[in-house]
Amino acid sequence: WTPAYRVRVTVHSAKDILSKDSNGFSDPYVVVSVAKCKEVHKTKVKLRTLKPVWEQSFEFLVPFKASALLFSVWDKDIFSKDDFLGVSRYPLEKLFSSSRPLEVELPLEKLNIPKFKNEEVGGFLKCTLSMERIVPKQTVCHFSFNGHFRRLRYVQDDSKFGHRAFFKNLKTDVNISKVRGSVKGSFAARFDGFNFIECRSNPLKSLGEFTISVLFWTDDPTIDQVIVAAMTTDPNLIAENESNHISEYYQSKDDDKEEGTKKFKSGFFIGTTKNSFFSNTAEPLSNESLNIFENDNVFFPHTYLTSQHKIIERDEAAQENEERSSLFNPKEWNHIVVTYDGNIYREYINGIMTDSVSTGFDLLGDGKSLQIGGWDDDCNFSGFKGIIEDFKVFNYALSQSEIRSAYE
């Protein structure tokens, strides 16, 4: 993933923590982590005190603001495992909404897992927290089809990142043609259902937050068509870069001879009747989802990560599909937008929000490559028959007002 935010944490002090040693004191230290980040920081150990003062600062680089800081306090022991003194969490979204550093006093609470749920805890942790965006909000890919793409046989990215999407044809000699766009002076690309364009440098790779925007035209939007995709079902490709992919196992229904065969999906596709998004994931941060790891005789909580989880796969019943498809206008221009802020997936059709789903802390899978006008991963193909005028990717989640403004 690409870091988008910097989180600064200063651990000042604690008070009213419990005694865990026979001398009536504890030897406390603090472990600080952020959901979905590998970084874990620890303060120094303060000997024989129930009111420790640390005054230590740490930094984290995180991909999205929909996460949380996790603080756990421990009593250092030399000849036995360290004793648990309490845990606290602070959502980053609260922090991001503040224009200046926040000084907070966090209650130390129990950890609801068998090993620690009966441990007595108590006290408060005093910290100063701040968060800032370190990557500017920007368009990371924009294919407008206004250039001489038919002669060049590739479409040039209008953003400063300079992506190129090359022509791909399947079972046809008909090239992608250039036609007039939705407004005077604009142009678009017509796809015949067997050709598409492919960008090998996937602009969505490793983005923790994003917006995908497509302006398209088709005769019948109720027919299942893939408009844009970056999806692979090849387990070898997924295994090559597992850290950047979500792989979702699912039972093969197409191969009766190999019952129990596992298949994979990684990446996403956006279609006229259904969307699918897959990614790396962490379970939502809560006491129930914390996992404990042992490191040098020290236990510390961190978010439990899994590489087999589905963000969302929208394939509704026929009646619901008809309702969704009715928002598209046949033989007219339509605007579909998908946003993801690291926590909530939202879909907008012609300026109307049609879906909003909480997905946990996830990163979008890389897929194979970005394909516009269809999806082809050697063993699967789904084409788009219609016109695409504008395709954009942003490195942040647009608001509904921004999307409506663009649509209008």
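Biologist: Which relative accessible areas separate buried, partly exposed and exposed residues?

Modeller: In this predicted model, a residue is buried under 20% relative accessible area and exposed over 50%. Residues in between count as partly exposed.

Biologist: Is Leu61 buried, partly exposed or exposed?

Modeller: Leu61 is located in strand 4, which spans residues 53-62. Its relative accessibility is 34%. Buried means under 20% and exposed over 50%, so Leu61 is partly exposed.

Biologist: What accessible area do Trp1, Leu61 and Ile134 have together?

Modeller: These three residues, Trp1, Leu61 and Ile134, form a nonpolar patch on the surface. Leu61 can belong to such a patch because members need over 30% relative accessible area, and Leu61 has 34%. Together, the accessible area of the three is about 220 Å².

Biologist: Is Val31 buried or exposed?

Modeller: Val31 lies in strand 2, residues 28-34. Its C-alpha atom is separated by 4.5 Å from that of Lys42, although the two residues are 11 apart along the chain. With a relative accessible area of 2%, against a limit of under 20%, Val31 is buried.

Biologist: Which residues touch the most other members of the largest nonpolar core?

Modeller: That core has 37 residues. Its largest share, four residues, comes from strand 15, residues 210-217. A second, separate core has 29 residues, among them Ala4, Val7, Val34 and Leu92. In the largest core, the residues that touch the most other members are Phe143 and Phe391.

Biologist: Which phenylalanine is in contact with Phe143, leaving aside neighbours within four places in sequence?

Modeller: The contacts of Phe143 beyond those neighbours include Val155, His163, Cys199, Leu370 and Ile372. Charged residues such as Asp157, Arg164 and Glu389 are also in contact with Phe143. The phenylalanine in that list is Phe391.

Biologist: What is the phi of Asn350?

Modeller: Most residues other than glycine have a negative phi. Asn350 is found in the loop between strand 26 (344-349) and strand 27 (352-358), and it counts as buried at 9% relative accessibility. Glu55, in strand 4, also has a positive phi, of about 50°. For Asn350, phi is positive and near 50°.

Biologist: Where does pLDDT stay under 50?

Modeller: The chain averages a pLDDT of 78, and 76% of the residues score at least 70. Where pLDDT is low, the predicted coordinates should not be read in detail. The model has 62 contacts beyond four places in sequence for one such stretch and 131 for another. These stretches are residues 237-263 and residues 280-322.

Methods:
Residues are numbered from 1 along each chain as its sequence is written. This is a predicted model: local features need pLDDT of at least 70, side-chain atom pairs count only at pLDDT 80 or more; totals for chains, interfaces and linings use all residues. Side-chain values use heavy atoms; hydrogens and water are left out. pLDDT is the predictor's confidence in each residue, from 0 to 100. Contact means heavy atoms within 4.5 Å. Patches are made of residues with over 30% relative accessible area and no salt bridge: like charges are joined within 9 Å, nonpolar side chains (Val, Leu, Ile, Met, Phe, Trp, Tyr) within 5 Å. Accessible areas come from the Shrake-Rupley method with a 1.4 Å probe; for residues, only the protein chains shown count as cover. A salt bridge is a side-chain nitrogen of Lys or Arg within 4 Å of a carboxyl oxygen of Asp or Glu. Helices (H or I, at least four residues) and strands (E, at least two) are DSSP runs, numbered from the N terminus. Buried means under 20% relative accessible area, exposed over 50%, partly exposed in between (1.4 Å probe, protein chains only). A nonpolar core is a set of buried Ala, Val, Leu, Ile, Met, Phe, Trp, Tyr and Cys residues joined through side-chain atoms within 4.5 Å.
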